[in-house]
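Colleague: Please take a close look at the second chain as written. I should like its overall build to come before its surroundings, in one connected account.

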Amino acid sequence: MKKKNASMSRKRAAGNAVTYALLILISLIWLFPFFGLIMQSFRSFDPAVEYGGMVDYIIPKTFSLDNYRFLFSGETNFLLWYRNTLVIAIFVSIGQTVFVLCVSYALSRMRFKGRELLMRFWLILGMFPGFLTMICLYFLLKQFGLTQAGAVPGLILIGVASSGMGYYVCKGYFDTIPRALDDAARIDGASRARIFFVLTIPMSKPILIYTALVAFMAPWCDYVFASYVAFGYDKGYNVAVAMQRWVWTNDYQGYFTRFCAGGVLVAIPVTILFIFLQKYYVEGVTGGAVKG
Amino acid sequence: MAEKKNPVGAFFSAFAANIRDIGTTFAEGDFRTRLSYIFFGIGPLLRGQAVKGILYLALELAFFWYMGSFGRYYLSKLPTLGTVATQKIGRKTVYGDNSFLILLFGLLTIIIIAAFILLWRMNIAENRREEELLRQGKALPSNKKVLGSLLDSNFDKTLLALPMAGIFIFTVLPILFMICVAFTNYDANHQSPTNLFTWVGLQNFKNIFQFSGSGMGRTFFSVLGWTLVWAFFATFLDYFLGMAVAILINKKGIRFKKLWRTILVVTIAVPQFVSLLYVCKMFTNDGLINGYLLKWGLIKSPIPFWTNPMLARITIIVVNIWIGIPYMMLIATGLLMNIPEDLYESARMDGATSFQMFKSITLPYMLFVTGPFLLTQFTGNLNNFNVIYLLTRGQPQSMQLAEKAGHTDLLVTWLYKMTVNNTNYKMAAVIGIMVFVVTALISLSVYNLLPSVKDEEGFQ
């Protein structure tokens, strides 16, 4: 019996060693691009110091802050692009959370005529690809003067306006809050609105944070619509649109390392925020996946 | 559940009931009700229901103002989408019709008319309700109470008003507009207001199924085929590999679980336009990967990751694994913990190997619970614009395919190219409708096959 246990534990130790080896390998693969990104951001674009285009080595020969200096020097509108993106992200995050919350509560707690029909209708609408409507939306925004110079409010409007359709995860969460709580409050004479503000919202902190977080992260990657709406107006760009150009310009100009530096500056705050709120994100996606 | 009725029959019987109700309300109603048939809200107003009455009346006036000032004009032009193009006569620009505006506002007008009819019907029902209440000797709710109900029994209307308005203006109307565009000749040669576009019937749809001549059938089916292949691999490879990684991390005796997870999660956190553009550059001919392989003498010439069609497709799928595993790992981790430990315990007693346990306990459970999720993942991947566009922009270009489609283009990226580069709006609209058809077909057929839908209590 003892012998068997000993061999079992040896077997388990060997198994664990393999697992550790695999996990370390996976971690290396997953972190490699980020390591490369950070390293290249410290390579100078100044030909007198080092070649700034694509090279076949990772660690720069001389570490320099030239790229970061360039970004803050005012030669380009980098700080403005950054601010644009941040403003869009914050407002879209707030707006979407409010919209999603309203729709989810109404669909989860209230029973009204046409509720099922509405949900089915939105489900069908969601099957159309988003870019289909691009020209029409562009035209609508143009009517309100929200393109080019007005790209930032325009993108906020687009980001918030249709967000009510993304209610699934939040409604799923509301459905798990016992209705008995609502009923008890109603017997005590509380109105629906009061229950919503005093009872439901304070109980929904995880889903609130999840919704706000996801909404906050999307504008940082928004290339398609942002480039269409800003349409050549440099000051209306967000970071994705502006820096995408640097990747596709010719290498000898050394814009690639500047892109890396900008990318690092964009990624750091977003990543830190995300890692901080990881717990809520996990809760949200897992809940969403199970309910589908 | 009620027995299944013929939906068409049900619709007509409901319609007939409505007509009957409108008739009896008029016949049995007092003069206030009868007046309301023409002047909305007069009835409630005369009965002291100021809030409702004024609202109905105001909406009616707004409708007639709208119809009189623009609605009528756009509606009358809708069948032709305009006949007079904007021209330059001498040095003066003579403005004509604008097909784009006519189509958009014509559609809006039709919807508004439908809403107006609905409003009329609601106004009649409101009158009948009030009369009935008075007949029973009850008092009508005070104006204060009517307003107050918006925070209580009618709170859903308050909550949904703004989101629904947003969805209507920024999703429903544009989608209807683009569906209509699919039946017109709106393209680079027909840009209103200088060149009007008009209705062409099913011509664009014929074009997309036409294989001979200038038809786009070959391109369409080639792009569609790759879209489906991509969605299949992107969904299932990520699913199984992500689950495998989750099992590795969850294994008993493995330490630093949180660290491993956090390392993987960084890929979700970093904005994709940063990480994917960098990865894209890593795989180019002069990129890091080829650079090191050449330096180490493993290859003689750079591997054409992005320029060889087949290789580009494989590389995209592989890079997508890098994106997809962390996401699936997070989901699987939570779900794996829900599987009762004693199931494994008793399997172990019976001498089952780890693989057997995975095959007969873990996998069935996961498939059961995540069925709907897999479906949404699949349809999401059909439209996965970011990964494709940031990595390859649909390149490498193909000589055989029409409309500048590339070998790695999905239907959505192709649609995007048509809209932005070629301004071929009519075909972009057709492709958009096709994407919808494909998504809807797959969703409908798979959804009814899902075990968790068929049998909700199955895994208890």
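Modeller: Chain B contains 19 helices and two strands (DSSP runs numbered from the N terminus, H or I over at least four residues for a helix and E over at least two for a strand). Its radius of gyration is 31 Å, well over the 23 Å that the globule rule gives for 460 residues, so chain B is more spread out than a compact globule (the radius is taken over C-alpha atoms, and the rule is 2.2 Å times the number of residues to the power 0.38). This is a predicted model, in which local features need pLDDT of at least 70 and side-chain atom pairs count only at pLDDT 80 or more, while totals for chains, interfaces and linings use all residues. Residues are numbered from 1 along each chain as its sequence is written, and chains are lettered from A and ligands numbered from 1 in the order in which they are written.

Along the principal axes, the C-alpha atoms of chain B fill a box of roughly 95 × 80 × 40 Å. Of the 460 residues in chain B, 33% are buried (20 or more other C-beta atoms within 10 Å of a residue's own; 12 or fewer make it exposed, in between partly exposed, with C-beta atoms placed from the backbone). Among the contacts in chain B with a separation of 6 or more, 62% join residues 24 or more positions apart (a contact requires C-beta atoms, placed from the backbone, within 7 Å).

Chain B is divided into domain 1 (24–201) and domain 2 (217–454), with bounds from an automatic or database domain assignment. The C-alpha centres of these two domains of chain B lie 44 Å apart. Nine residues from domain 1 of chain B and nine residues from domain 2 of chain B form the contact. On the domain 1 side there are six nonpolar, two polar and one charged residues (Ala, Val, Leu, Ile, Met, Phe, Trp, Tyr, Cys and Pro count as nonpolar, Asp, Glu, Lys and Arg as charged, and the others, Gly among them, as polar).

The partner of chain B comes next. The contact between the chains takes 67 residues from chain A and 75 residues from chain B. Helix α1 (residues 2–41) of chain A gives the most to the chain A side, with 13 residues. By class, that side has 50 nonpolar, 14 polar and three charged residues.

Packing also links the chains. In helix α12 (residues 239–248) of chain A, the buried residues include Ala240(A) and Trp246(A). The buried residues of α12(A) pack against α11 (272–282) of chain B, together with α3 (78–109), α10 (205–221), α11 (224–230) and α13 (255–276) of chain A. The largest nonpolar core has 165 residues, and those with the most contacts inside it are Val103(A), Leu155(A), Val229(A), Ala240(A), Leu415(B), Ala429(B) and Ile431(B) (a core is a set of buried Ala, Val, Leu, Ile, Met, Phe, Trp, Tyr and Cys residues joined through C-beta atoms within 7 Å). The largest share of this core, 14 residues, comes from α3(A). Ile431(B) touches Leu411(B), Trp414(B), Leu415(B) and Met418(B), leaving aside residues up to four places away in sequence.

As to confidence, chain A has a mean pLDDT of 84, with 95% of its residues at 70 or more (pLDDT is the predictor's confidence in each residue, from 0 to 100). Among the elements of chain A, α3(A) has the highest mean pLDDT (91), and helix α14 (residues 278–291) of chain A the lowest (78).

Key:
Two residues are in contact if their C-beta atoms, placed from the backbone, lie within 7 Å.
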